Amino acid sequence: MRPLLLLTRPLPQAHHFAAEAQTHCPPHDLLIAPLSGIVPLAFDPAVFNGARGLLLTSVNAVPAVAQVAKDMPQIAGLPAFCVGPATMQAAQDAGFQAYNCGGDAVAMVAYLIARRPEGPLVHAHGVHLARDMVAALGPEGLEPRSVQVYEARATNWPPSVLTQLQARPAGQVCVVPLFSPRAALRFMQELQGAELQDLRMVAISAACADNLPPKLRALCQIARTPDAEGMMAAIADVMSRIAADGLRQAPVTDK
């Protein structure tokens, strides 16, 4: 039986990831049920005055910075130091000279400290931070600044989502990728205490997995790299093992 892939990312990212999964993962069904939505925030663009570089830790920050660049042409030519390949690609598509800094915030900080780009550097980010770049880079003399440009606001599932998950055919495994520790907490909130059968969790990091209760934590595979590519590889691995288990359990018939 084909597994069900449950994507809980904001809609644009969920649709993009779903299209990639069709190519990179075994055959599966799909349910998109966002746990958050991206809301742009008003901010003072003066924070970019005199900047010599941009720090981007999410694709969600790119549209706001690209809009600033339209009004401040000097921003368009700045280097954009990006947390990983997806953010780098988004920044490149927006016209920036973008660099991949290693895949997660820890690697990004190490990259910047090692290369010491000229500051000031403006970190455009969301309300919920995985790593405070100002606190990490300020003591290193890199002149970081910080500005909130979006918020990932919680989105409640309609009742139909939980109903659909509970009504799956017996034995259909639901693969649930979680892309942040906050997403793991939100997922558990939306379950409302329901104990769903045949869940397989895929977490972007150990910190994400640790926000799951022990039963689900034990069924959780952690991506080898904390980025979209690592998550896709982990999901494909989980689905391949589900397919192999299904073949082993299928009755043998004469050809």
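Let's start with an open sheet in this predicted model: five strands line up in the order S2-S1-S9-S10-S11, and their pairing is parallel. Look at the two ends of that row. Strand S2 (29-32) and strand S11 (220-222) are the edge strands, and each has a single partner strand, so one side of each is left without a neighbour in the sheet. From one strand to the next, the twist averages 20°.

Now zoom in on one pair within the sheet. Strand S9 (residues 174-178) and strand S10 (residues 199-203) run parallel and are joined by 5 bridges. If you want a spot to look for, find proline 177, which stands opposite valine 202 in S10.

Next, add some helices to the picture. Helix H1 (residues 11-24) lies across strand S1 (4-7) and S2, and runs at about 170° to S2. Helix H7 (residues 159-166) lies across S1, S2 and S9, running at about 155° to S2.

What fills the inside? The largest nonpolar core has 47 residues, and those with the most contacts inside it are Leu6, Trp157, Leu165, Val175, Leu178, Phe187 and Met201. Several elements you have already met, including S1, H1, H7, S9 and S10, each supply at least two residues of this core, and so do helix H8 (181-191), helix H9 (206-209) and helix H11 (228-249). The largest share, 8 residues, comes from H11.

Tryptophan 157 deserves a visit of its own. Setting aside neighbours within four places in sequence, tryptophan 157 is in contact with Leu6, Thr8, Ala33, Pro34, Leu35, Leu165, Phe187, Glu190 and Leu191. There is also a second, separate core of 26 residues, with Ile75, Leu78, Val147 and Val149 among them.

Let's turn to helix H2 (residues 62-71), where Val62, Ala64, Val65, Ala66, Val68 and Ala69 are buried. Which elements do the buried residues of H2 pack against? Their partners are strand S4 (53-56), helix H3 (73-76), helix H4 (85-93), strand S7 (121-126) and strand S8 (144-154).

To finish, go back to helix H7 and find serine 160 there. Is serine 160 buried, partly exposed or exposed? Its relative accessibility is 46%, and because partly exposed covers values between the 20% and 50% cut-offs, serine 160 counts as partly exposed. Serine 160 and alanine 33 also show how a chain folds back on itself in numbers: they are 127 residues apart in sequence and 10.0 Å apart in space, C-alpha to C-alpha.

Notes
Residues are numbered from 1 along each chain as its sequence is written. This is a predicted model: local features need pLDDT of at least 70, side-chain atom pairs count only at pLDDT 80 or more; totals for chains, interfaces and linings use all residues. Side-chain values use heavy atoms; hydrogens and water are left out. Buried means under 20% relative accessible area, exposed over 50%, partly exposed in between (1.4 Å probe, protein chains only). Helices (H or I, at least four residues) and strands (E, at least two) are DSSP runs, numbered from the N terminus. Contact means heavy atoms within 4.5 Å. Two strands pair if DSSP finds at least two bridges between them. Axes are lines fitted to C-alpha atoms, for helices over the stretch in contact, and angles run from 0 to 180 degrees between N-to-C directions. A nonpolar core is a set of buried Ala, Val, Leu, Ile, Met, Phe, Trp, Tyr and Cys residues joined through side-chain atoms within 4.5 Å.
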